[in-house]
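Here are a few notes to read alongside the model. Have a look at the overall fold before turning to the details.

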Amino acid sequence: MITSRLKQLLEQSGVRYHGIPHLTAYRADHTALAAGLPSEEFAKTVLVKADGRLCMVVLPADHQVQLETLRRKLGAETLELASELEVGQAFPDCETGAMPPFGRLYGMEVFVSPALRRGEQIAFNAGSHDEAVRMSYRDYERLAQPRRLQM
């Protein structure tokens with residue numbers, strides 16, 4: 001299921017996108033496989049707390065967040081992964097761990113790995129563990145307005 005707020009953003013913006021139903025998967029690399037997509041094109045969304053504020057980090061499914069490196073690049077004194085409770089509260093219309101990478105829909109800043117720009121397409125969870133969305137990376141960047149950050 002694509003969340004209603006994501007669907008509204010995509011449709012009001014007039015961008016082309018495709019919903020991709022797939023077998024239920026809980027890890028981004030497994031989701032990419034279930035959806036028949038390359039893992040370097042599938043974005044995972046990780047929620048972190050930088051000096052107490054929630055931020056979204058978006059990177060390829062087969063990459064890992066290096067918290068200490070990210071903390072330094074953000075200029076934060078503290079950086080930690082958000083708890084499952086914090087994720088659930090920040091994304092009430094999403095299944096836990098299936099957040100779409102659009103921070104503006106949830107009032108938070110987005111940091112994206114430039115590794116995702118290598119491809120013309122980006123795919124990501126649409127709010128559930130059994131449907132993904134695929135769209136052009138250019139449209140994603142225009143709508144999400146992420147800050148590029150080498151992670």
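**Notes on the model**

1. Start with the status of what you're looking at: this is a predicted model. The mean pLDDT of the protein is 92, and 100% of its residues reach 70 or more. Confidence bottoms out in helix α2 (residues 28-35), with a mean of 88, and peaks in strand β4 (residues 79-81), at 96.

2. Next, the parts list. The protein has five helices and eight strands. Reading from the N terminus, they come in the order α-β-α-β-β-α-β-α-β-β-β-α-β.

3. How does the radius of gyration of the protein sit against that of a compact globule? A compact globule of 151 residues would have a radius near 15 Å, and the protein comes in at 14 Å, so the two agree. Along the principal axes, the C-alpha atoms fill a box of roughly 40 × 30 × 30 Å.

4. Now for the inside and the outside. Of the 151 residues, 51% are buried. The accessible surface comes to about 7,700 Å², and carbon and sulfur atoms hold 45% of that. If you take the contacts with a separation of 6 or more, 65% of them link residues 24 or more positions apart.

5. Strand β7 (residues 131-136) is a good place to zoom in, as it pairs with β1 (residues 17-21) in the antiparallel sense, over five bridges. In that pairing, Pro21 stands opposite Glu131 of β7. Strand β7 also runs antiparallel to β6 (residues 121-128), joined to it by six bridges. There, Gln121 faces Ser136 of β7. β6 and β7 make a hairpin, with two residues between them. A reminder while you're tracing these: side chains in a regular strand alternate between the two faces of the sheet.

6. Finally, a residue to click on: Asp62, in the loop between β3 (53-60) and α3 (67-74). Is Asp62 buried or exposed? Neither quite fits: its relative accessible area is 44%, so Asp62 counts as partly exposed, since buried means under 20% and exposed over 50%.

7. What does Asp62 touch, leaving aside its neighbours within four places in sequence? The answer is Ser39 and Glu40. With Ser39 there is a polar contact from side chain to side chain, at 3.4 Å. You can also check Asp62 against Leu116: they are 54 residues apart in sequence, and their C-alpha atoms are 11 Å apart in space.

Key: Residues numbered from 1 in each chain as written. Predicted model: local features only at pLDDT ≥ 70, side-chain atom pairs only at ≥ 80, totals over all residues. Heavy atoms only, no water. Pairing = 2+ DSSP bridges. Helix = DSSP H or I, 4+ residues; strand = E, 2+ residues; numbered from the N terminus. pLDDT = per-residue confidence, 0-100. Rg over C-alpha atoms; globule rule 2.2 N^0.38 Å. Buried < 20%, exposed > 50% of the residue type's maximum accessible area, 1.4 Å probe, protein only. Contact = heavy atoms within 4.5 Å. Areas by Shrake-Rupley, 256 points an atom, 1.4 Å probe, with all protein chains shown as cover. Polar contact = N/O pair within 3.5 Å; in protein donor to acceptor, adjacent residues only side chain to side chain.
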